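Colleague: Could you walk me through how to read the pockets, cavities, strands and helices of a model?

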Amino acid sequence: MTRSGRRMPGPRPRPLALAALPAALLALICAGPAPGATAPGAGSPAPADVRPDAQADARVAVRSAAHTGAPRSRSFDTAPARAALERLLPRHHGQFTLVPGTAAGADTFTVSGTAGAITVRGSTGATLLTGVGWYLQHVAGADIGWPGDSIGLLPARLPAVPAPVTRSAQVPHRYALNDTDDGYSGPYRTFEEHQRQIDLLALHGINEVFVQVGAEYPYYRALQGFGYSAEELRQWIPGPAHQSWWLLQNLSGFGGPVTERLMRERAELGGRIAEQLRGLGMTPVLPGYFGTVPPRFAARNPGAATVAQGDWAGFDRPDWLDPASPVFRRLAAAYYAEQRAAFGDSTMYRMSPLHEGGQTGSVDVGAAAGAIQEALNTAHPGALWAVLGWQDDPTPELLAGVDTSRLLILDGLSDRYNRLDREARWGGAPYAMGTIYNFGGHTTIGANTSVWLERFGPWRAKGNSALAGIAYLPEATGTNPAAFDLFTDLAWEPGVIDQRKWFADFAARRYGRPDPAAGAAWEELRKGPYSTSSGLWSESQDSLFTARPDLTAAGAAYWSPKSMRYPAGSVRRALDHLLKVAPELRGSTAYRFDLVDTARQALANHSRVLLPRIKAAYEAKDLPLFRKLTAEWREGEAKLDAVTGSDPNFLLGSRLAGARAWGAERAEQDRYEYDTRSLLSVWGRRSTSEGGFLHDYANREWSGLVSELYARRWALYFGSLEEALVRRAAPRAIDWPAFEEEWAARTTRHPDRPSGDPYRLAASVAAALPPAAAGG
C-alpha cells in the first residue's frame, strides 16, 4: 500500500511454525484460548487474522534451525551481498566478483584482483561487503560514510589490488545500535532506509544488529492471553518514537494510542529487517522478555507477583513480573512464540532489567536473572543474552545468577571514565568495548577517538582479558561519519592505529583524493573535537541556540557538558580550510555534509561566545548594545537554519513527513507527528519535561526546528528582556513548557528536500564569524 508517496510494507501472514517449537512450548500454545479469549495465564491468542502474515511454516522452521548455534557451512548464497553491492556501488558493482570463502576462517575476507576485476572472498555475505569496504578505503581511496560518500569520484575502471590482502576480525562480536537508536534516529523510517543502514553496517564490519522495529507486537499478542483486551494494550503501548524507553521498562502509553494496523506493519517491517540481516549472515539481535507487564497484572493472573518500579524521569514505570514465578515462564514462552512468528529466531537477545533504577522489592535479583536466562534458553537453546553496561549495571547480583558464558556485556562507558577494570568489575564476563558519543541525536561534532585507540589494544592484550567485541552505541546514528569509520576499524586492523595518519587518510578518501585543504581541515578536527578526553564525558557540548532561553544557559540538554570540551578555534579553522578544497572535489555528498556540519558547529560554538556578551549588556542596562547583540544572535539563527536546510540530513520536514506517512487518516497522522515533535522538544508531559529534566534532551540543529522552535523561543525571551530594559522593570515570566507543548502539537509543514547552495551558505557563515584566535 502507498501513503504520502512512500511505499510501505503490506501485511503478510506468517503463521507460527509449530514443527520448529520445543514440545513443551507446542503444548502450551495448542492449549491456548479461543480467539479473543483473555483467560488469565492461558497463553497467547490464536493467530486468527491479526498475525503479521505468512509465507510458509517451513520458512520459519528453516530460520529456527539456522540460528540455534549449529556450525555453519562456509558455502552460502552471495545474492544478498551482491544486491547490497549493487545498491552501494551502482556504477561499479559489476567489477567485483564475490566468492564464498569455503576454506576461510570465521570473519575473514581476502581481496585481490587486477584493474576492473576485483575478487573478494569472505566467510559470510556481510564479510564480503566488509572486504569491499576495505578495498574502497585502502585501494580505491573512496568513502561510503554514514552519511555522505565520494563514490562519484571513482574512476570508471577500478584500480588493481597490488597484492592479495587477507583480514580477520580481531573480535567475534561487532555489535551495533543503542536501545534508543530507533527513537532518536527515526522510528518512522521505511524499509529502504533501514536497508541502507544494514548495507553500511556490513560494509564497516558489523555482524550483530539490534532490531527494535515492531517489538511491541509480540507483547500485544501474548498479553491478550493474560487478561488484557486489545484496546487496553493499544493504550498501554507508546507511540513508536517513545517505544525505546517502554522496552527499557521506563514508561508506557505516551504518544499513543497505537493502532493494530500500525503494529502489524511495524512487525512486518521488523521481520523484513531481520530477514535482510540473516541473508547477509548477520545476527538480528531481538528484544528478549524479562518481565515488563501492564498495570494490575497480578490481579488478573493468580499466582503472579509483581513489583511496582516507581518513577523514571517523571514517568510511572511499568510493573515488573517476578521472573521466578510460574506465570513468568508461561508469559515468556508466549512472548517468544509470538516473536518467532513475526521475526523468526536468533542467537542473541537484548535485555536490561532494572535499567536506570527500578525497584527489586523482595525479588532475589540473582534468581530472577537465572529465570530470565532459563526462559530465553528454553525458547532459544544456547542463545546469548546481551546486557547494557551502564551506570551500575549489570550488578554483581545479576551476574551471580546467570551463566556468564552465554552473556555479552555491551559496555557503554568504555571511553567515558578513567581507571576502568572490566574484568574485575564484571568477574571475567565477556564484554564488548563500546562508545556512546551521541546523546539524544544532538548534532554536535566530536568523540573521544584517542581514548579508543589508547584502550582497545591494551585491553585485548591483558592476560585475563574478557574483551570479546566492540559495541557501536551512540544514542542516535547518522552523525559523525569519521567516528563511525574509526570505531568500526578497531575490530579489523591487526596493528596499532595511528590517529593522525588515520585522519589524514580519511580526509583523502572522504573527498575522493588527497587535497591539502581537506587534510588541514581534518587535522584541525582531529586535534579538536575528535581528541576529547575521558574522565567525565563521551560527548561534546551541545549548542546554546537550542537551549531553553536563559542568560546563564550553559547547555541545552540537562545532562550534556556545560562548557566547551575542545578549543573552538579548531572547528573555525576547519571551516576555512574546507572552503578551500579544490572545486572539482566539492560535488560529493560527503563534502556537502561535512561542510554544512562544520559550518553548523562553528555557529553553535559561537553561541557560547555571544550569549555572555548579551548577558553583560543586559546587566549593564545598555539597551543599544543589547539590541545590537541580540540582532547578531538572530542573524546567527537565520544562517544556521539556512545552511542546515541545504543538506537532506538536517531537515525537520523529512522526519515529520515520515511520521505522517504511517497514519491512515488525519487524526492518526497528527498523533504520530506529535509523537515525533514531542520527543524533539518537551519529550514527555509537563511533569517529565520539568521534574525529569527531559525537555530539549533530543535537541538538534535542523532546518525548521531552528526557525520554528528555537529562534521563536529566543525571540520571545529577548523581547521580554528588551521590554524590561525599556520599562525599567523585571522581565515578564514565560511559561516555557506551555510554549514548547504548543509547538509539539503543531502540524505545520516544512520542506523535506534541501534547498540553497551549501557552499555559498557555509561561506556566508564563515564571513559572519570572527576568525579563530591563534591556537584557540
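Modeller: Happily; we will take the features in turn, with the general idea and then the case here. This is a predicted model, with local features needing pLDDT of at least 70, side-chain atom pairs counting only at pLDDT 80 or more, and totals for chains, interfaces and linings using all residues. Residues are numbered from 1 along each chain as its sequence is written, and side-chain values use heavy atoms, with hydrogens and water left out.

Colleague: What is a pocket as opposed to a cavity, and what volume does the largest pocket have?

Modeller: On a 1 Å grid over the protein atoms alone, a cavity is a set of points where a 1.4 Å probe fits but cannot get out, while a pocket is an open set with protein on both sides within 12 Å along at least five of seven lines; lining residues have an atom within 4 Å of a point. Points are joined across faces, edges and corners, and the volume is the space filled by probe spheres set on them. Here the largest pocket has a volume of about 1,200 Å³. Its lining has 37 residues, with Ser185, Arg189, Glu193, Pro648 and Asn649 nearest the centre. The elements giving two or more residues to this lining are α5 (181–185), α6 (191–203), α21 (589–619) and α23 (652–660). These labels count DSSP runs from the N terminus: helices are H or I, at least four residues, and strands are E, at least two.

Colleague: How many of the pocket's lining residues fall in each class?

Modeller: Ala, Val, Leu, Ile, Met, Phe, Trp, Tyr, Cys and Pro count as nonpolar, Asp, Glu, Lys and Arg as charged, and the others, Gly among them, as polar. The largest pocket has twelve nonpolar, 14 polar and eleven charged lining residues.

Colleague: And how many cavities of 30 Å³ or more are there?

Modeller: There are seven cavities of 30 Å³ or more. The largest has a volume of about 220 Å³, and among its 19 lining residues Gly133, Trp134, Gln137, Leu203 and Asp489 are closest to the centre. Helix α4 gives the most to that lining, six residues. By class, the lining holds seven nonpolar, six polar and six charged residues.

The second largest cavity holds about 120 Å³ of space. Leu177, His194, Gln197, Phe210 and Gln212 lie nearest its centre, out of 14 lining residues. Its largest share, three residues, comes from α6.

Colleague: How do I read strand β7, and which strands does it pair with?

Modeller: Two strands pair if DSSP finds at least two bridges between them. Strand β7 (residues 173–176) runs parallel to β19 (residues 467–472) over four bridges, with Ala176 opposite Tyr472. Two bridges also join β7 to β8, again parallel, and Tyr175 has Glu208 as its bridge partner there. His173 and Tyr175 point one way from β7, Arg174 and Ala176 the other way, and all are buried (under 20% relative accessible area; exposed is over 50%, partly exposed in between, with a 1.4 Å probe and protein chains only).

Colleague: Why does the length of helix α16 agree with expectation?

Modeller: The expected span is 1.5 Å times one less than the number of residues. The 13 residues of α16 (residues 449–461) should therefore span 18 Å, and the end C-alpha atoms are 19 Å apart, which agrees. A kink of about 25° lies at Arg455, shortly before Pro458; the bend is the angle between axes fitted to the seven residues ending at a residue and the seven starting there. Buried residues in α16 include Trp452, Arg455 and Trp459.
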